[in-house]
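Visitor: I'm new to reading protein models, and the vocabulary throws me a bit. Could you walk me through the reasoning behind the labels?

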Amino acid sequence: DAFVRARPDGSFFHRSAWLEAAQGCFGFAAHFLAARRAGRLVGVLPLGEMRPPCGRPRLLSLPVAVEAGVCAVDDEARGALASAALALARALGAR
């Protein structure tokens with residue numbers, strides 16, 4: 001959360017409390033992806049896993065939020081988080 005607060009592209013919706021609240025209220029499984037470089041946090045991507053009654057699960061960046069997406073220091077970190085999200089989606093069989 002300190003990383004998100006320090007970033008100009010970070011928002012309340014990137015903080016752990018928001019995804020945890022969405023998890024508790026709406027039943028999303030929470031997935032917090034983090035990118036690190038030399039032991040330093042350089043990006044985060046909170047994802048909510050929605051499991052509809054029919055069909056495959058879905059991964060949503062910041063479910064039930066106004067803003068969405070990666071919060072990162074640079075394009076390299078953004079790309080790494082996007083790749084990790086795609087890998088997680090494949091592993092879960094998500095859309």
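**Reading the labels**

Guide: Let's start in a loop: Ala38 sits between β1 (29-37) and β2 (40-50). Keep in mind that this is a predicted model.

Visitor: Why is Ala38 called exposed?

Guide: Its relative accessible area is 87%. Exposed means over 50%, so Ala38 earns the label.

Visitor: What makes the phi of Ala38 worth a mention?

Guide: Phi of Ala38 is near 55 degrees, a positive value, and Ala38 isn't a glycine. Most residues other than glycine have a negative phi.

Visitor: How do you know which pattern the protein follows along its sequence?

Guide: Just read the elements off in order: α-α-β-β-β-β-α. That fits the count of three helices and four strands.

Visitor: And what makes the protein as compact as a globular protein of that length?

Guide: The radius of gyration is 13 Å, and the globule rule gives 12 Å for 95 residues. Those values are close, so the description holds. For the overall dimensions, the C-alpha trace spans about 40 × 25 × 20 Å along the principal axes. Buried residues make up 34% of the 95 residues. As for contacts with a separation of 6 or more, 57% of them are between residues 24 or more positions apart.

Visitor: Back to single residues. Why is His31 called buried?

Guide: His31 is found in strand β1, and its relative accessibility is 18%. Buried means under 20%, so His31 counts as buried.

Visitor: Which residues does His31 touch, leaving out those up to four places away in sequence?

Guide: Leu19, Leu45, Pro46, Leu47, Glu49, Leu59, Leu88 and Leu92. His31 and Ser16, which are 15 residues apart in sequence, have C-alpha atoms 10.0 Å apart.

Visitor: What about Leu60: why is it called partly exposed?

Guide: Leu60 lies in strand β3 (residues 58-61) and has 29% relative accessibility. Partly exposed covers values between the 20% and 50% cut-offs, so Leu60 belongs there. Leaving out residues up to four places away in sequence, Leu60 touches Phe28, Pro46, Leu47, Gly48 and Met50.

Visitor: And Phe26, buried or exposed?

Guide: Phe26 is in helix α2 (residues 16-26), with a relative accessibility of 55%. The cut-off for exposed is over 50%, so Phe26 counts as exposed. The C-alpha atoms of Phe26 and Gly48 are separated by 9.9 Å, though the two are 22 residues apart along the chain.

Visitor: Now the cysteines. How many disulfides does a search of the whole structure find?

Guide: Zero disulfides turn up. A disulfide is a covalent bond between the sulfur atoms of two cysteines. To count here, a pair of cysteine sulfur atoms has to be within 2.5 Å.

Visitor: What labels do Cys54 and Cys71 get?

Guide: Cys54 has a relative accessible area of 65%, so it's exposed. Cys71 has 0% relative accessibility, so it's buried.

Visitor: One last thing: what makes up the accessible surface of the protein, and how many charged side chains are there, positive and negative?

Guide: The accessible surface comes to about 5400 Å², and 57% of that belongs to carbon and sulfur atoms. The protein has 12 positive and 8 negative side chains, with the centres of the two sets 5 Å apart.

Terms used:
Residues numbered from 1 in each chain as written. Predicted model: local features only at pLDDT ≥ 70, side-chain atom pairs only at ≥ 80, totals over all residues. Heavy atoms only, no water. Helix = DSSP H or I, 4+ residues; strand = E, 2+ residues; numbered from the N terminus. Rg over C-alpha atoms; globule rule 2.2 N^0.38 Å. Buried < 20%, exposed > 50% of the residue type's maximum accessible area, 1.4 Å probe, protein only. Contact = heavy atoms within 4.5 Å. Areas by Shrake-Rupley, 256 points an atom, 1.4 Å probe, with all protein chains shown as cover. Lys, Arg positive; Asp, Glu negative; His and termini not counted. Charge placed at Lys NZ, Arg CZ, Asp CG, Glu CD.
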